[in-house]
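Grab a pencil and have a go at the exercises below. Try each task before reading its solution.

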Amino acid sequence: MSNTSHTPVAATPYPRLTSIDFLERCSVHVASFYRHWDAKRRGRKMPSRADFDPLEMKEWLPGIILVDVEHNPRKLTYRLVGSRSVALRKSDVTGKTVEEGYHGLTLGEVLENYRLVVDEQLLVYDHDGTNSRSGLMRDSETLMLPLSSDGVTVDKVIVYLEIEELPPS
């Protein structure tokens, strides 16, 4: 009879931050995107989609995802999906719901990120390091930020995705 005890392995916490502490660890591009969004608030809790000029956002456009938020019932639909996300997913999910086209560890974690942005009006910084098909480490960062036409209800989520291939360690 074996006397081996099995100690459960603690699950790794989901790599999500919901405060500006993410600025201490994020890439320069993610930080500059956040600062652009922050400047557009002009003292408000969150800016609106109308506050953004695509010409001012050229450096970030490949990583931008814009998600429409409908309430009662909740529906999240990809309105715009940048080329970086299309390449990562190997498909364009524009027009699909988040449930149909999400990219992430699990649908539950992805929906929790959106819940935090939409319901709590928090930023969500999501960081993941995974192996790419090339065998190189892929370091990805996702920053999700709320947008509101009326200054009260989140009606869009703007997402910025940054991906970097890292050499094998």
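Here are four exercises, each with a worked solution.

This is a predicted model: local features need pLDDT of at least 70, side-chain atom pairs count only at pLDDT 80 or more, and totals for chains, interfaces and linings use all residues. Residues are numbered from 1 along each chain as its sequence is written, and side-chain values use heavy atoms, with hydrogens and water left out.

**Exercise 1: the overall layout**

Work out how many helices and strands the protein chain has, and in what order its elements run.

Solution.
- Start with the count: the protein chain has 4 helices and 6 strands. Helices (H or I, at least four residues) and strands (E, at least two) are DSSP runs, numbered from the N terminus.
- Next, the order: reading from the N terminus gives β-α-β-β-α-α-α-β-β-β.
- Then look at burial: 39% of the 169 residues count as buried. Buried means under 20% relative accessible area, exposed over 50%, and partly exposed in between (1.4 Å probe, protein chains only).
- Finish with contacts (heavy atoms within 4.5 Å): among those between residues at least 6 apart in sequence, 51% join residues at least 24 apart.

**Exercise 2: the aromatic cluster**

Find the aromatic pairs that involve Tyr34, and classify each one.

Solution.
- First, the rule: rings of Phe, Tyr and Trp (its six-membered ring) pair if their centres lie within 6.5 Å; planes under 30 degrees apart count as stacked, over 60 as edge-to-face and the rest as tilted.
- The structure has 5 aromatic pairs. One of them is Phe22 with Tyr34: the centres are 5.4 Å apart and the planes sit at 85°, so call this pair edge-to-face.
- Now place the partners. Phe22 is in the loop between strand S1 (16-17) and helix H1 (28-41), while Tyr34 is in helix H1, so the pair ties together parts 12 residues apart in sequence.
- Both Phe22 and Tyr34 are buried.
- Tyr34 also pairs with Trp37, and this pair is tilted, with 5.8 Å centre to centre and 35° between the planes.
- Tyr34 and Trp37 are about one helical turn apart, because 3 residues separate them in helix H1.
- Trp37 counts as buried because its relative accessibility is 4%; for Tyr34 the value is 8%.
- Put it together: ring pairs join Phe22, Tyr34, Trp37 and Tyr125 into a cluster.

**Exercise 3: unusual backbone**

Which peptide bond is cis around Asn72, and what is the phi of Asn72?

Solution.
- Keep the background in mind: most residues other than glycine have a negative phi, and most peptide bonds are trans.
- The cis bond joins Asn72 and Pro73, with omega about 0°.
- Phi of Asn72 is near 55°, a positive value in a non-glycine residue.
- Asn72 lies in the loop between S2 and S3, and counts as exposed because its relative accessibility is 77%.
- Gln121 also has a positive phi, about 55°, without being a glycine. Look for Gln121 in the loop between helix H4 (107-118) and strand S4 (124-131).

**Exercise 4: two residues and their contacts**

List what Pro62 and Ser140 touch, leaving aside neighbours within four places in sequence.

Solution.
- Pro62 sits in the loop between H1 and strand S2 (64-70), and at 30% relative accessibility it counts as partly exposed.
- Pro62 is in contact with Gly82, Ser83, Arg84 and Ser85. Pro62 and Ser83 are 21 residues apart in sequence, yet their C-alpha atoms are 4.9 Å apart.
- Ser140 is in strand S5 (residues 137-147) and counts as buried, at 15% relative accessibility.
- Ser140 touches Asp126, His127, Asp128, Glu162 and Ile163.
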